[in-house]
Amino acid sequence: LSKRRISNIKAVEKKEMTLRFPKTGTDTILLTQHDINRLNPGEFLNDSIVDFYLKYLQIRILTDEQRKRVHIFSSFFATKLRGEARNEDERYEKIKKWTKGVNIFEKDY
């Protein structure tokens, strides 16, 4: 795990991590009680809730065949893509690891 990821995990643990999905692996979504409270009426969803649902769809709902046809980005991908950069090369450097080992142009969705 990168130093940044470890730092993020520690920050989440301080907020009383409530749910981890899936329970094992390196690509898990961590939810805190604060995140879960965003499901209450009148509250807005946050990125963690959206990512949790996308991960749930990917693992529990999609068939193996559907998973082969789809690539699901984290909700933070768009933030990184639109983030500050001096030029397109710098912007690409910020996101190139997000598709490492995946040819998104071979996907249907």
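Me: What is the relative accessible area of Arg 38?
Reply: Keep in mind that we're looking at a predicted model here. Buried would need a value under 20%, and exposed would need one over 50%. Arg 38 counts as partly exposed because its value lies in between, and that relative accessible area is 24%.

Me: Which residue forms a salt bridge with Arg 38?
Reply: Side chains of opposite charge can pair when their charged atoms come close. For Arg 38 and its partner, the closest N and O atoms are 3.6 Å apart, and the cut-off is within 4 Å. The partner is partly exposed, at 43% relative accessible area. So the pair counts as a salt bridge, and the residue is Glu 43.

Me: How many residues apart are Arg 69 and Asp 108?
Reply: These two form a salt bridge, with their closest N and O atoms 2.5 Å apart. Arg 69 sits in helix H4 (residues 64-69), while Asp 108 is in the segment after helix H6 (88-95). That makes it a link between distant parts of the chain, with a separation of 39 residues.

Me: What is the relative accessible area of Asp 108?
Reply: Its salt-bridge partner, Arg 69, is partly exposed at 33%. Asp 108 is partly exposed too, because its value falls between the 20% and 50% limits. The relative accessible area of Asp 108 is 47%.

Me: Which residue forms a salt bridge with Glu 93?
Reply: Glu 93 is partly exposed at 47% relative accessibility. Its partner is partly exposed as well, with 35%. Their closest N and O atoms are 3.1 Å apart, and the partner is Lys 96.

Note on methods. Residues are numbered from 1 along each chain as its sequence is written. This is a predicted model: local features need pLDDT of at least 70, side-chain atom pairs count only at pLDDT 80 or more; totals for chains, interfaces and linings use all residues. Side-chain values use heavy atoms; hydrogens and water are left out. A salt bridge is a side-chain nitrogen of Lys or Arg within 4 Å of a carboxyl oxygen of Asp or Glu. Buried means under 20% relative accessible area, exposed over 50%, partly exposed in between (1.4 Å probe, protein chains only). Helices (H or I, at least four residues) and strands (E, at least two) are DSSP runs, numbered from the N terminus.
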